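Me: I should like to learn how to read the features of a protein model. Could you guide me through the one shown here?

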Amino acid sequence: MANQDDQFKKVISHAKEYGYVFQSSEIYDGLSAVYDYAQNGAELKKNIRDYWWKAMVQMHDNIVGIDSSIFMHPTTWKASGHVDAFNDPLIDNKDSKKRYRADVLIEDYCAKIEGKIDKEVAKAQKRFGEAFNKEEFLSTNPRVLGYQEKIDSILTRMGKSLEAEDLADVKALIEELEIADPLTGSRNWTEVKQFNLMFGTKLGASADTAMDLYLRPETAQGIFVNFLNVQKTGRMKIPFGIAQTGKAFRNEIVARQFIFRMREFEQMEMQFFIKPGTQKEWFEYWKETRLKWHHSLGMGVENYRFHDHEKLAHYADAATDIEFKFPFGFKELEGIHSRTDFDLKQHEEFSGKKLQYFDHEEKASYTPYVLETSIGLDRMFLAVFSNSLVEEELENNTTRTVLKLPAVLAPVKAAIFPLVKKDGLPEVAKQIVEDLKWDFNVFYDEKDAVGKRYRRQDAAGTPFCITVDHDSLEDDSVTIRHRDTMEQKRVKIADLKDIINAEVDVKHWLQKMQ
Ligand code: ATP
């Protein structure tokens, strides 16, 4: 655990030191769970957003993208169910005065039991070696089965109690499991209460005419209310999708863990409109497609898993999370939800406008079903950043810190150095910058010894370093060094663009999905 904490602390301090993420309003001591993206962070975030947009919109001829407003008519949130049901169950510890999400306390308790299962697996793996069959072990070992049964029964009971709004039973469960405040060990809990996560604000100048508004807690509703406009003007035929990226706001009760859980964050969502009855096939299709997108970035297939929901939200008939192994364990990165016709039907009812689709083949109108994929851009940022940060032992007994970002996402693609600050080398290096900057984000650096400049770029995540030396003046060649292999090659200046492009081009990465 200490190790995990240390690794996570390194991620946070590295993100600050290398200009990726700053605490918001830091000179005023910051604002809880609000962060700013710095010069490199803004680039990384934009590249992740583009990588998603290209995969979802550009590569699908039946998906289009929109950009709807953060403010929406307040009735939207009545219709969507957020006014009545977008709550988290919270519980306070009377001794420490700390506030927790009751469901998260229970889930963390189950994660500890899961840790015990992992230990049993590791032990057995050691004992049986090559012959070890994990699937069989998990389905037959009595101790593991006991642990799994316990997890299942706890989560099922919690799911049922939350569904039935039986908050007294949620508290009873916390007491029966003897769950203590993780910070102080105290078991002196208050009752469990519901807490609405939406931020309210007002539109209008005078107090009596002002209209109560909410900052949107998800981008999805901006898509639903535009469903018919897009379908008609884009002449879209079912099945088709509408995608968008944008800010969402939630007054999270427990907002720790850096940019994993923020009060202001960005989502990348896609609603796929389908014929009723086909939702199971599309659910499977989007599960597979989204997982392939993640895998295409090469961050280790073992770092992803599906977690099917026991407790379904009020709008869903199936739901799963793609979980990623963050420095603090497997946690939700993306949600895939079969939302039925809930949202469109609700908006029909509340707006009095028909939101149906006329199917020319069926010669009938119907309310489409919806399959949603929803991923947090900031969470994806954290996944990429934390997974890329490694400390490497080198052959000469030294270590180097490398940020092995997938090259397609790296903020700066190449750094260009003159070996020394004289003899006409800076001029050649600057000319290379001028030529490459039409295609890539590049960076010029002439300060310190080249070895030191390499290390700085390794830690900042730049995939290529290009060094101009005295021979360059004669042979029009430079040395290009690869961040991950540290391999150095002599190449023609005229070939640089193609060499860099081969590794950073979106096509090279997205083709891995096929
Ligand atoms: P959680 O259970 O972690 O609160 P959720 O199930 O409420 O998340 P969704 O409503 O399904 O999340 O939102 C879709 C995605 O938006 C999540 O998978 C996550 O990546 C992202 N997300 C949700 N809440 C936050 C937040 N407070 N900060 C950053 N990202 C978030």
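Reply: Let us begin with a pair of strands in this predicted model. E4 and E6 run antiparallel and are joined by four bridges. Within this pair, Leu-90 faces Lys-193 of E6.

Me: What holds such strands together in general, and in which order do the strands of the sheet with E4 and E6 stand?

Reply: Strands of a sheet pair through backbone hydrogen bonds, in either a parallel or an antiparallel sense. Here the sheet is open and has three strands in the order E5-E4-E6, with antiparallel pairing. Strand E5 (99-101) and strand E6 (193-196) each have a single partner strand, so one side of each lacks a neighbour in the sheet. On average, neighbouring strands of this sheet are turned by 45° against each other, direction ignored. Helix H5 lies across E4 and E5 and runs at about 70° to E5.

Me: How should one judge the length of a helix such as H7?

Reply: One compares the distance between its ends with the span expected at 1.5 Å a residue. Helix H7 (residues 142-163) has 22 residues and should therefore span 32 Å; its end C-alpha atoms are 31 Å apart, which agrees.

Me: Which residues of H7 are buried, and what covers them?

Reply: In an α-helix there are 3.6 residues a turn, so residues three or four places apart point the same way. The buried residues of H7 include Ile-151, Ile-154, Leu-155, Met-158 and Leu-162. Their cover includes strand E4 (87-92), helix H5 (102-128), helix H6 (134-140) and helix H8 (167-176).

Me: What is found at the start of H7 and just after H7?

Reply: At the start, a side-chain oxygen of Asn-141 comes to within 3.0 Å of the backbone nitrogen of Arg-143. Just after the helix, Glu-165 has a positive phi of about 60°.

Me: Is helix H13 mostly covered or mostly exposed?

Reply: H13 is mostly covered, with eleven of its twelve residues buried. Among them are Leu-377, Arg-379, Phe-381 and Phe-385. The helix comprises residues 377-388 and reaches 16 Å from its first C-alpha to its last, close to the 16 Å expected.

Me: Which residues come nearest to the ligand, and where does Arg-379 stand in relation to the ligand?

Reply: Of the 16 residues around the ligand, the nearest are Glu-252, Arg-261, Met-262, Glu-332 and Leu-333. A polar side-chain atom of Arg-261 is 2.7 Å from an oxygen atom of the ligand. For Arg-379, a polar side-chain atom lies 3.0 Å from a ligand oxygen atom. In the side chain of Gln-267, an N or O atom is 3.4 Å from an oxygen atom of the ligand.

Me: How do strands E17 and E18 pair?

Reply: Strand E17 (residues 389-393) and strand E18 (residues 399-403) are antiparallel and share five bridges. Glu-392 has Arg-400 in E18 as its bridge partner. The two strands form a hairpin with five residues between them, and Asn-397 in the turn has a positive phi of about 65°.

Me: What is the strand order of the sheet that contains E19, and which strands does helix H14 touch?

Reply: The open sheet of five strands has the order E20-E19-E21-E22-E23, with mixed pairing. Its edge strands are E20 (442-444) and E23 (488-492). Helix H14 (residues 425-436) packs on the sheet and touches E19, E20, E21 and E22. Within the sheet, E19 and E21 run parallel and are joined by five bridges.

Technical notes:
Residues are numbered from 1 along each chain as its sequence is written. This is a predicted model: local features need pLDDT of at least 70, side-chain atom pairs count only at pLDDT 80 or more; totals for chains, interfaces and linings use all residues. Side-chain values use heavy atoms; hydrogens and water are left out. The expected span of a helix is 1.5 Å times one less than its number of residues. Buried means under 20% relative accessible area, exposed over 50%, partly exposed in between (1.4 Å probe, protein chains only). Two strands pair if DSSP finds at least two bridges between them. Contact means heavy atoms within 4.5 Å. Axes are lines fitted to C-alpha atoms, for helices over the stretch in contact, and angles run from 0 to 180 degrees between N-to-C directions. A residue is near a molecule or strand if one of its heavy atoms lies within 4 Å of it. A polar contact is a pair of N or O atoms within 3.5 Å; within protein, one must be able to donate a hydrogen and the other to accept it, and residues adjacent in sequence count only if both atoms are side-chain atoms.
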